[in-house]
Amino acid sequence: MNSTIGRVGIVTKHGLVGAAEHLTRLEAWLQARGIEAVFETEAAAAAGPEARAGALSRDDLPREVDLVVVLGGDGTLLSMATRTAAAGRDIPILGVNFGSLGFLT
């Protein structure tokens, strides 16, 4: 596994309301550190017009990034873990709890 993180995929829970501020702040934080942010398509829509990151589908995202950040709940985290495994990638996934239970995130 490559220890250098150059691209970070950002995924949100379906229908996550009020995520725009968090998404744009996360994108800016990554860019300030020379790391490219890549949004999943729903996350890009939630981020709004201020977001500058590119967008990929949930299935394509794990193939193109070095780390996945999931803003959601356990279901969103497990969904991305399944997609990452299906892509044959061994990359870290960071879960940030925006769900109701958050046992894993």
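# A guided tour from strand 4 outwards

Select strand 4 (67–72) to begin. Both of its faces are covered: L67, V69 and L71 on one side, and V68, V70 and G72 on the other, are all buried. The model in the viewer is a predicted one. Six of the six residues of strand 4 are buried, so the strand is largely enclosed by the rest of the structure.

**The neighbours of strand 4**

Next, add strand 1 (7–12) to the selection. Strand 1 and strand 4 pair in the parallel sense, and five bridges join them. To see one such position, display G9, which stands opposite V68 in strand 4.

Now add strand 5 (residues 93–97). Its pairing with strand 4 is likewise in the parallel sense, over five bridges. Two positions are worth labelling here. V70 has G95 of strand 5 as its bridge partner, and G72 stands opposite N97 in strand 5.

**Helix 4 and the crossover**

Select helix 4 (residues 74–86) together with strand 4 and strand 5. These three elements make a right-handed β-α-β unit. A viewer's distance tool can be used to check the length of the helix. At 1.5 Å a residue, the 13 residues of helix 4 should span 18 Å, and its end C-alpha atoms are indeed 18 Å apart, which agrees.

Which residues of helix 4 are buried? They are D74, T76, L77, M80 and T84. Turn the model to look down the axis of helix 4: these buried residues fall within an arc of 160°, so they line one face of the helix. The face turned away from this buried side carries the exposed residues G75, T82, A85 and A86.

To find what lies over the buried residues of helix 4, show strand 1, helix 3 (61–64), strand 4 and strand 5, which are among the elements covering them.

Follow the chain past the end of helix 4. Just after the helix, G88 takes a positive phi of about 75°. Further along, P92 is found in the loop between helix 4 and strand 5. P92 counts as partly exposed because its relative accessibility is 31%, between the limits of 20% and 50%. Measure from P92 to G9: the two are 83 residues apart in sequence, yet their C-alpha atoms are 11 Å apart in space.

**Helix 1**

Move to helix 1 (residues 20–32), where the length check can be repeated. Its 13 residues, at 1.5 Å each, should span 18 Å, and the end C-alpha atoms are 18 Å apart, which agrees. The buried residues of helix 1 are L23, T24, E27 and L30. They cover an arc of only 125° around the axis, which puts them on the same side of helix 1. On the face turned away from that buried side, select the exposed residues E21, R25 and A32.

Strand 1, strand 2 (36–40) and helix 2 (41–47) are among what covers the buried residues of helix 1.

Q31 is also found in helix 1. With a relative accessible area of 34%, Q31 is partly exposed. Q31 and G6 lie 25 residues apart in sequence and 10 Å apart in space, from C-alpha to C-alpha. Just after helix 1, display G34, which takes a positive phi of about 75°.

**The nonpolar cores**

Finally, show the side chains of V8, I10, L23, L30 and F39. These have the most contacts inside the largest nonpolar core, which has 17 residues. Strand 1, helix 1, strand 2, helix 2 and strand 4 each supply at least two residues of this core.

A second, separate core has nine residues, including V11, V65, L77 and I91. L77 has appeared on this tour before, as one of the buried residues of helix 4.

Centre the view on F39 as the last stop. What is F39 in contact with, leaving aside its neighbours within four places in sequence? The contacts are I10, L23, E27, A44, A47, A51, A53, G54, A55, L56 and L61. Of these, L23 and E27 are among the buried residues of helix 1, and I10 and L23 are among the residues with the most contacts inside the largest core.

Conventions
Residues are numbered from 1 along each chain as its sequence is written. This is a predicted model: local features need pLDDT of at least 70, side-chain atom pairs count only at pLDDT 80 or more; totals for chains, interfaces and linings use all residues. Side-chain values use heavy atoms; hydrogens and water are left out. Helices (H or I, at least four residues) and strands (E, at least two) are DSSP runs, numbered from the N terminus. The expected span of a helix is 1.5 Å times one less than its number of residues. Buried means under 20% relative accessible area, exposed over 50%, partly exposed in between (1.4 Å probe, protein chains only). The arc is that of the directions from the helix axis to the C-beta atoms. Contact means heavy atoms within 4.5 Å. A nonpolar core is a set of buried Ala, Val, Leu, Ile, Met, Phe, Trp, Tyr and Cys residues joined through side-chain atoms within 4.5 Å. Two strands pair if DSSP finds at least two bridges between them. A crossover is right-handed if, with the strands pointing away from the viewer, the path from the first strand over the helix to the second runs clockwise.
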